[in-house]
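Hi,

Here is the structure I said I would pass on. Have a look at it first, and then read my notes below.

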Amino acid sequence: MGQLSEKFKSYRLPQKFMEAGVYPYFREILGRQGTEVEMGGHKVLMFGSNAYTGLVGDNRICEAAKAAIDKYGTGCAGSRFLNGTLDIHVKLEKDLAEFVHKDEALCFSTGFSVNAGVIAMVCGREDYIICDDRDHASIVDGRRLSFAKQLKYKHNDMEDLENILKKLPYEAVKLIVVDGVFSMEGDLANLPAIVELKHKYNCSIMVDEAHGLGVFGKNGRGVCDHFGLTDEVDLIMGTFSKSLASIGGFIAGDWDTINFLRHSARTYIFSASNTPAATAAAQKALDILKEEPEIIEKLWDVTNYALKRFKEEGFEIGDTESPIIPLYVRDVDKTFLITALAFERGVFINPVVPPACAPTDTLVRYALMATHTKEQVDRSVEILKQIFVEQGVIK
Ligand code: PMP
């Protein structure tokens, strides 16, 4: 027995849930993702996706990806810095910068690597990074990789944020990093208040638009656009893995900051560039978003319907203002059980348990796509209501 197997043999965290038959992870999907998917011989309604625009699996995007493979092959065999830059990378960067109204954008191979690479580099030893305590793991890791001094404020608590900022040197670089839409509970960052604090205490702001892009603002430009605060936000991060039906991510900002990152972000320079297929898919999804504002209208129509239905049925849904609807359970074991029962009865949703939240805040995360129908929402609400009542979570 090796050192590592010895070290980890007591790691039996998922065992209990496997034995109880409620282990919810790594289920295999057998085809394209849509509002209904086949998983292990079982057809389920997909309410556990991040593909808010419903463009994942869209034929036009698949065709664009196939054409890119025919022209450029399957990989770039190098980083953007050296031999890995294609004309389609540069075009996508130009279009993304224009879309979010910034000077320049840089595309990375995942959204995670944007946050990890950018946050780590833009703040040095003399600087401060200040995060919301529910920021995404990739923001947390970017912060940890930085040499800057690091601080956290209580989720969306502007008083706590101000108390932190007022103790910091006025002239120091202070970067506030927030999720525009919080990914588990669907609430929005209080961007208007953060911008006020930025001016009062001389700070900079970076917003992660992973869940805002394709959902909020004109043609899905994001939460910054939704609040009319794009010019006040220094850096906008986005990912292709949700509304843009692909994989990859970008950072957008002013020319000087992006020029610095282009020559210094380690996850950009020391990692291979995004594949031709993924790049072409993201480009096609962006083009479709710009041409078809009705996608966002449909998404909000079905989102507002689902919000109304869950409220009517007495679910506790927190402060969500987005297509991410948290259905609070507030008990870890019941959260796993409810997820498993929902799957058995034909609804795929995701459990949110510690460390993603406190043990008393566990929930199942229900998320909408523009392609969901109200009939699908009704069917899922009915099934979930039955289960939540059976488990004594709601009446
Ligand atoms: N930021 C947020 C808020 C996210 O939810 C995610 C993905 N779950 C990421 C960044 C990372 O993006 P990607 O999946 O493209 O690596």
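To get you oriented in the small sheet: which residue in E11 is the bridge partner of Met46? The partner is Phe348. Before I go on, keep in mind that this is a predicted model, so everything below is computed from predicted coordinates.

**The three-strand sheet**

Met46 closes strand E2, which covers residues 42-46. Strand E1 (residues 36-39) is joined to E2 by four bridges, and the two run antiparallel. One of the pairs puts Met39 across from His42 in E2. E1 and E2 make a hairpin with two residues between them, and Gly40 in that turn has a positive phi of about 50 degrees.

On to the E11 side: this strand (residues 347-348) pairs with E2 in the parallel sense, over two bridges. Besides the Met46 pair, you will find Leu45 opposite Val347. Put together, the three strands form an open sheet in the order E1-E2-E11, with mixed pairing. E1 and E11 are the edge strands, each pairing on one side only.

**The seven-strand sheet**

There is also an open sheet of seven strands, again with mixed pairing, and its order is E3-E9-E8-E7-E6-E4-E5. E3 and E5 (149-153) sit at the edges with a single partner strand each, so one side of each has no neighbour in the sheet. On average, neighbouring strands here are turned by 20 degrees against each other, direction ignored.

Strand E9 (residues 249-253) is a good place to zoom in. How many of its five residues are buried? Five of the five are, and both faces are covered. Gly249, Ile251 and Gly253 are buried on one side, with Phe250 and Ala252 buried on the other.

E9 has these two strands beside it in the sheet order:

- E3 (residues 104-108) pairs with E9 in the antiparallel sense over five bridges, and Ala105 stands opposite Ala252.
- E8 (residues 235-239) is also antiparallel to E9, over four bridges, and Gly238 has Phe250 as its bridge partner.

At the E5 end of the order, strand E4 (residues 128-132) runs parallel to E5 and is joined to it by five bridges. Asp132 is paired there with Tyr153 in E5.

Two helices to look at against this sheet are H5 and H8. Helix H5 (residues 111-122) lies across E3, E4, E6 (174-179), E7 (204-208), E8 and E9, and runs at about 40 degrees to E9. Helix H8 (residues 191-201) packs on the sheet and touches E6 and E7, its direction making about 175 degrees with that of E6.

**Helix H3**

Helix H3 spans residues 59-72, which is 14 residues. From first C-alpha to last it reaches 20 Å, close to the 20 Å expected at 1.5 Å a residue. Ile61, Ala64, Ala65 and Ala68 are its buried residues to check. Why do they end up on the same side of H3? Because they cover an arc of only 100 degrees around the axis. As general background, an α-helix has 3.6 residues a turn, so residues three or four places apart point the same way.

What covers those buried residues includes helix H4 (87-99) and helix H12 (276-291). On the other side of H3, Asn59 and Asp70 are exposed. Just after the helix, Gly73 takes a positive phi of about 90 degrees.

**The two domains**

Zooming out, the protein chain is divided into domain 1 (3-57 + 293-390) and domain 2 (59-291). Their centres, taken over C-alpha atoms, are 26 Å apart. Where the domains touch, 23 residues of domain 1 are in contact with 20 residues of domain 2. On the domain 1 side of that contact, helix H13 (294-312) and strand E10 (324-328) each supply at least two residues.

If you only open a few views, I would go for these:

- the E1-E2 hairpin, with Gly40 in the turn
- strand E9, with both faces covered
- H3, with Ile61, Ala64, Ala65 and Ala68 buried and Asn59 and Asp70 exposed on the other side

Cheers

Notes. Residues numbered from 1 in each chain as written. Predicted model: local features only at pLDDT ≥ 70, side-chain atom pairs only at ≥ 80, totals over all residues. Expected span 1.5 Å × (residues − 1). Buried ≥ 20, exposed ≤ 12 C-beta atoms within 10 Å, placed from the backbone. Arc of directions from axis to C-beta. Contact = placed C-beta atoms within 7 Å. Pairing = 2+ DSSP bridges. Axes fitted to C-alpha atoms, helices over the stretch in contact; angles between N-to-C directions. Domains from an automatic or database assignment.
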